[in-house]
Structures are given as C-alpha cells and as structure tokens.
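Biologist: I'd like to go through this one slowly, asking how we know each thing. Can you pull it up?

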Amino acid sequence: KHMQFGHDFRFMFAKRIAGFVATMLAAWVMQSYWALVVGTFAGRTLGTLISYRMHAMRPHLSFEKLKEIFSVSQWLLIHSSGQYLDANLHKILVGRRTDSAVLGGYTLADEISAMPSTELLAPINRALFPAFVAARDNLAELKRLFLLAQGIQTLVGIPAGVGLAMVASEAVAVLLGEKWMPAVPFVQVLALVGAIQAITTSGGYVLITLGRVSAVALIVWAQIALFLIGAFALIPDADAGALAAIRLGTVGIGLTVVFVLLLRNLGNLSLFDIARTINRPLIATGVMAGVLYQLDQTLSMAALPMLAVKITLGAIAYALTVVSVWALMGRPEGSESYVFAKAKSLLTARRKQ
C-alpha cells in the first residue's frame, strides 16, 4: 500500500532463505522426504515471526468490521479457490487418465512453463495492484497505468513463453536429461498457456481495483467449467497432450472475456488502445519464432550449444525487431520508451557515482 518494496524484498528474501536452510538441515538430519514438509512448516513459521519483527502492526481479534470485510473477501475467497483449482485440475485429470511417469513429466513441464511468469513477471505483478489502487479515482491515469503495465508484461511475457516453447527440446535435455524428453510436447503447449496468462494479470488487477471482484471470480470458475466440458464432454478420452491443449483454449477464452469487461468498465478504453500496446511485441515474437524455426531446420549440434545459440540469436532478433518497429511507428509512448527511460536513468546514476 505504501510502495515500500525494499521492505517487501527483505521480508520475502528472509522468509525463503529461512525455509531453504530449514529444509537442508532437516534433509541432512532425517535423510527423508519428510524434510520438505518440515522445511515448509519451519519456513512459514519463521516468516510469521519475521513479519512481526519487521512491522509494528499488532493485529487482534475483532468482529467490528466483519460484515464490511466479508462483503469483499467472500469473492476473493471464491476467486482464490478457483485459481487453485484452475491451476491444478488439468494435472489431477492427467494423473487419473495416465500413469505416474506421464504425470511426473506433465507436472514438471507445467512448472518449467510457468517460469517466465513466476520469475520474470512476479516482481512486476507485486507492484501493480497498489499502483492501480492509488489511481482508482482517476480513470484516465488508471487507463494509462494499465496500458503501460500491459505493454511491459507483453514485452517480456510473450517472447519468454513462445521462446520457451521453441527451445523446449534443448531446455529439457540440458536441465533435466534425456529421460525427461517425453515432457517436451507438454512444455511446448503449457508455455503458451503461461504467455497468455502473462497478459491477463494486469487486466484482472484493474477489474478488482474497480470493484469487479465477483466478475473476476466468475471468469476463473467459467474457465474451470469450460475445461471440464472439453475434458469430459467434447474429448472424453483426452490424454495428457489433449488436456494441455484444452487448457490452452480455456485461458485464451478467459483473456478475451477480461478484455471485454475492461472495455466496458475502464473509461474510454478501446480495443485499439489494447492492440497498440501489444502489436510490436507480437510482431517481434513472430520474427523471433521464425528465426528459431530456421535454426532448427539448418543447424544440428548437441543440446547445450544449440540452446545457447537459439537463446542468443532469438533474443537478438526479438530486440532488434521491437526497436525497429517502434522506431518506424514514430517512437510512440509505451513500454519501449519506458524501458529506455529507465535504462538511461540507471546509466546516469552510475556515472554520477
């Protein structure tokens, strides 16, 4: 709320380090998988103690504001429950319909595919909601912040997701080994799921800021319903690959619904405004995908050097295309100008030091 992200970083870092140390010590002493349970419990407990050490607030039991809080939190509870089910239902069905080896590969693929959003966009997402709330009474400013956030998330999330799909075979071989190669098709599809979710997040935060918590919750549960229809009615014998494809379709529909609600609720926001913020990253991602496809067709080398070549050339192709298209369009205000301005300010600050 007060945008004190230095404190936020120290809290999250201390909590995770405490959990890591507790897990490692428990593993060394117990020599058992129970160390994961002990480490998780110790990390959460130490995190609670650290929170009391870092902040002066001391909560106490009170029912004075129960009705006021519950009127909003009930929908947040429904939304959070839906998010959990939406993120795990496809894995549950894979576990029911396939063997443990396929489930293991699918689950690992889902975790790898989520890395672009969890590792690259999570820090941005933590700052989005308080920034949107601060501009809640100024729809023009809220619109500007949303479009900027949407542009930055697209600038990072789309190429990361599509790029991961394009290098999936090399990434799995290098990171996990040849025995996990059956997980490659799952990574390729689920990485696209992560890319779509990356550009849905900011819209969801805006709707919550505008008080449309119930709508956001219903969108999540509608995705679950569509997934169940696809998995049981349309393709009742869907295997792991088909379930991943159904999930991709449902999150795509969810993104469309979020955009429709934004167009209805956020001032004079238009579809053109949204398209203008994401067109350059989409064009550049297409060029990057073409480069990576040609590398697959023309080069033959071991997984590690191939992965290094594809990441390097893909990143260069993407960056050059984004900057070139941005320049050809007259350098409009948006994510590119924001990134360049931040980079310039950082370089200036370092020179002064």
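Biologist: Leaving out residues up to four places away in sequence, which residues does serine 335 touch?

Modeller: Keep in mind that this is a predicted model. In it, serine 335 touches Leu148, Gly151, Ile152 and Leu155. A contact here means heavy atoms within 4.5 Å. Serine 335 itself has its place in helix 14.

Biologist: Why is serine 335 called buried?

Modeller: Buried means under 20% relative accessible area. Serine 335 has 3% relative accessibility, so it counts as buried.

Biologist: Okay, on to helix 13. How do you know that its reach is close to what's expected?

Modeller: Helix 13 covers residues 303–328, which is 26 residues. The expected span is 1.5 Å times one less than the number of residues, and for helix 13 that gives 38 Å. From first C-alpha to last, helix 13 reaches 37 Å, so the value is close to the expected one.

Biologist: Which residues of helix 13 are buried, and what do they pack against?

Modeller: The buried ones include Met306, Leu307, Tyr318 and Trp326. Lys310 is on that list too. The buried residues of helix 13 pack against helix 6 (139–166), helix 7 (168–175), helix 12 (271–298) and helix 14 (335–352). Just after helix 13 comes glycine 330, with a positive phi of about 90°.

Biologist: What about helix 8, how does its reach compare with the expected span?

Modeller: Helix 8 runs over residues 184–198, 15 in total, and reaches 21 Å, close to the 21 Å expected. Among its buried residues are Val184, Phe186, Leu190 and Ile196.

Biologist: Zooming out, how many helices and strands are there in the chain?

Modeller: There are 14 helices and zero strands.

Biologist: And what makes the chain as compact as a globular protein of its length?

Modeller: Its radius of gyration is 22 Å, and the globule rule gives 20 Å for 353 residues. Those values are close, so the chain is as compact as a globular protein of that length. The C-alpha atoms fill a box of roughly 70 × 60 × 55 Å along the principal axes.

Biologist: How much of the chain is buried, and how much of its contacts is between residues far apart in sequence?

Modeller: Buried residues make up 39% of the 353. Of the contacts with a separation of 6 or more, 76% come from residues 24 or more positions apart.

How values were computed. Residues are numbered from 1 along each chain as its sequence is written. This is a predicted model: local features need pLDDT of at least 70, side-chain atom pairs count only at pLDDT 80 or more; totals for chains, interfaces and linings use all residues. Side-chain values use heavy atoms; hydrogens and water are left out. Helices (H or I, at least four residues) and strands (E, at least two) are DSSP runs, numbered from the N terminus. Buried means under 20% relative accessible area, exposed over 50%, partly exposed in between (1.4 Å probe, protein chains only). The radius of gyration is taken over C-alpha atoms; the globule rule is 2.2 Å times the number of residues to the power 0.38.
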